[in-house]
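I opened a fresh page for this model. My plan is to take one chain, then the contact between chains, then the charged pairs.

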Amino acid sequence: MPYRNVSITAISLIFVCVIVWTFVYGPAKRTFVSPDKIETVKSAEELDKLWHSAGVHGRVAVIFTRYLNKQFAGASFPEMDYIDNAMRHGIIRTVYYIVPDRFGAEIVSDYYLKWDSTFIVPPKLTDTGLIILHDGGRIYVMPLSKYIPDQEQEKALVVIEDAVWTPQERDRINGFTRSGQLASDLTAIVSESK
Amino acid sequence: MVMVLILAAVFRLWGTFDLNEYIEDETLHVAYAKSLGTYGTTENWGWHHPQLSGLIVYGTIRLFGDNPVGWRSSNIFFGTATVALIFLIGRLLYPASAVPLLAATLLAFDPHNIYISRTTFVEIPVTFFFLLYLYLLFEYTENKRATLPLAGLAMGLTMGTKAYFVFAIPLAVLYAVYRMRQRGELTSQVIVDFVVTLLMLPIAVYLLSWVQWFGRGYTLLEFVQMKMDSVWALQELNMDNFPNRDYLGAGGKPWEWFIKPLFWGHQRLLSNEEGLFLIQSNNPFFRLLVLPSLFATVVYAWKKHSARELLPPFLFVSCYLLILLARRPIFSYSVTVLLPFAYLALARAVTLSAAWINREKQVYACFLAATFIWCLYMFPIVSARPVPLAPFQPIFSVLRFMGNF
């Protein structure tokens with residue numbers, strides 16, 4: 001009987017500890033940049049190097065861009081799947097691709113029609129855009145007007161492709177960051193000129 | 001039985017490390033394990049599967065190196081140990097009968113099970129963990145041994161490896177509850193024991209098996225979201241999603257597995273008269289007897305009002321229904337998880353038939369000899385040993401698919 005009581009108590013304690021662990025272990029493994037930084041990069045390769053050298057891990061990325069994943073507008077560097085690379089290396093666990101509204105519908109339908117077969121199943125269509133289910137986590141694609149930053153979320157790795165946004169759209173993005181709705185410890189501005 | 005176990009190990013070990021290249025899905029499994037161990041991320045669209053098997057393979061790779069020993073040694077162990085477990089379970093369910101020995105022999109000498117045990121397929125460890133769970137649970141219900149916490153641990157390891165036993169796991173718990181109630185021992189204390197050891201402990205073990213995934217920054221709420229995504233994604237799968245759909249079709253649809261003889265595989269010809277082969281089959285001489293055997297054992301158990309005798313057929317049906325009803329293509333290696341219950345039922349039918357005709361020793365001797373001789377014949381062509389083609393022409397002439405490796 002004492003053995004039984006000890007084992008029941010021990011298992012109950014283990015259960016409670018494991019549930020608590022599922023809430024604290026992941027956040028404890030996330031690594032951030034301190035103090036906050038804003039960097040300018042010219043290419044996806046530079047962005048990849050920036051994330052690797054910053055030592056960030058387990059993060060959410062919010063990327064304001066026209067082109068998904070492999071290239072930024074007008075850039076003449078070799079294509080690099082910087083998101084795939086970052087997700088596979090555990091740097092990022094969730095990605096938000098925010099695209100200009102004027103391209104939003106086109107990008108979403110293009111991506112849906114031409115989804116990469118390595119994802120095995122097609123993207124999941126949602127009210128705001130689509131979700132790609134990647135080995136490294138969820139990738140959301142949505143137009144700027146549908147994007148509402150989650151204020152409860154931890155600081156994000158923000159990437160802003162400067163050239164593709166109208167002044168009004170840029171104001172909206174700046175508004176997110178200024179108001180603290182979208183907090184970032186490492187913001188990368190993609191620009192042809194450093 | 002010791003001899004059967006030794007031979008099971010020999011057939012699973014002999015020459016397994018000679019083939020210093022990936023066999024079939026090993027190319028996916030090994031990449032998955034290394035990525036999981038190194039970065040906590042899966043590879044090749046493996047995110048929706050439980051991760052324990054990847055961690056086991058990563059562990060053996062760390063131990064023995066990134067070579068065939070590191071890739072395959074865990075399955076050799078689990079495949080052999082499964083033979084011992086089916087024997088032990090058979091002894092508890094069919095005491096003082098030849099069922100345990102016959103069932104263990106059938107599994108030990110099943111050429112397809114030997115083939116799968118020599119690679120990295122997850123069906124081998126998940127079957128081992130489930131049988132371990134059953135054995136420890138039955139030791140508690142039948143022999144009153146204090147093995148319930150260990151059964152809960154094994155249940156959690158099963159859940160952390162693959163989802164084949166989602167119906168079979170609660171079915172075994174129901175059986176245990178029934179047995180306790182039958183003996184008048186189902187007290188509130190026992191119910192608490194069941195909840196704690198067979199619910200809370202397995203959930204804890206299951207969540208811990210995702211340690212690498214949680215280590216990528218996730219929390220429990222994101223885990224629930226990922227599980228819902230995986231249910232959605234698996235329902236979206238169809239034949240067009242698989243680049244190797246010819247091979248997928250070669251193993252037969254799940255409803256064919258116990259009805260039609262099926263042979264398929266890969267070859268590497270060394271000359272016009274000699275080659276290496278990795279032939280898979282549904283072991284037709286024996287597996288085609290499974291469905292009639294299940295019927296016979298259910299009728300017998302029903303007449304005898306024996307829940308214990310009904311359990312293996314019910315476990316078979318619970319796993320097979322999941323596969324038959326899954327709204328996605330299923331590869332033939334999934335049959336591995338059905339074999340322990342299929343062979344327990346077949347062994348039971350053999351003992352009942354032998355008793356009926358009053359020729360037990362002769363029937364068992366013939367059955368064991370046939371199992372062993374068939375295995376000896378098939379072994380060279382399921383294990384990539386260099387063989388002359390001529391003796392195996394009867395098999396090659398009925399292959400549904402032959403690729404090259």
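What share of the contacts in chain A with a separation of 6 or more comes from residues 24 or more positions apart? I got 75%, with contact meaning heavy atoms within 4.5 Å.

**Ground rules.** This is a predicted model, where local features need pLDDT of at least 70, side-chain atom pairs count only at pLDDT 80 or more, and totals for chains, interfaces and linings use all residues. Residues are numbered from 1 along each chain as its sequence is written, chains are lettered from A and ligands numbered from 1 in the order in which they are written, and side-chain values use heavy atoms, with hydrogens and water left out.

**Entry: chain A.** I looked up the elements and found five helices and eight strands. Helices (H or I, at least four residues) and strands (E, at least two) are DSSP runs, numbered from the N terminus. From the N terminus on, the order in chain A reads α-β-α-β-α-β-α-β-β-β-β-α-β. Chain A has 194 residues, and 52% of them are buried. Buried means under 20% relative accessible area, exposed over 50%, and partly exposed in between (1.4 Å probe, protein chains only). I then took the exposed area of chain A: about 9200 Å², with 56% of it from carbon and sulfur atoms. Accessible areas come from the Shrake-Rupley method with a 1.4 Å probe; for residues, only the protein chains shown count as cover.

**Entry: the interface.** Chain A brings 43 residues to the contact and chain B brings 38. The buried area between the two is about 3600 Å², and carbon and sulfur atoms give 64% of it. Buried area here is the accessible area (1.4 Å probe) that two parts lose on being put together, summed over both. On the chain B side, Trp45(B), Arg216(B) and Trp232(B) lose the most area to chain A, together 18% of what that side buries.

I counted 20 residue pairs in polar contact across the interface, both residues at pLDDT 80 or more. A polar contact is a pair of N or O atoms within 3.5 Å; within protein, one must be able to donate a hydrogen and the other to accept it, and residues adjacent in sequence count only if both atoms are side-chain atoms. Helices H10 (188-208), H11 (211-214) and H12 (220-236) of chain B each supply at least two residues of the side touching chain A. H10(B) gives the most, with 11 residues.

**Entry: salt bridges.** I found 26 over all chains, and five between chain B and chain A. The rule asks for a side-chain nitrogen of Lys or Arg within 4 Å of a carboxyl oxygen of Asp or Glu. Arg4(A) meets Asp193(B) at 2.7 Å, N to O.

Where do the partners Asp229(B) and Arg138(A) lie? Asp229(B) is in helix H12 of chain B and Arg138(A) is in strand S6 of chain A, so the pair joins two chains. Their closest N and O atoms are 2.7 Å apart. Both count as buried: Asp229(B) at 3% relative accessibility, Arg138(A) at 13%.

Within chain A, Asp135(A) pairs with Arg88(A) at 4.0 Å. Asp135(A) sits in the loop between strands S5 (130-134) and S6 (137-143), and Arg88(A) in helix H3 (residues 82-88), 47 residues apart. Asp135(A) is buried at 8%.

Within chain B, Glu139(B) meets Arg145(B) at 3.5 Å. Glu139(B) is buried at 6%, while Arg145(B) is partly exposed at 45%. Last note: Arg30(A), Arg93(A), Glu154(A) and Glu222(B) form one network through salt bridges that share partners.
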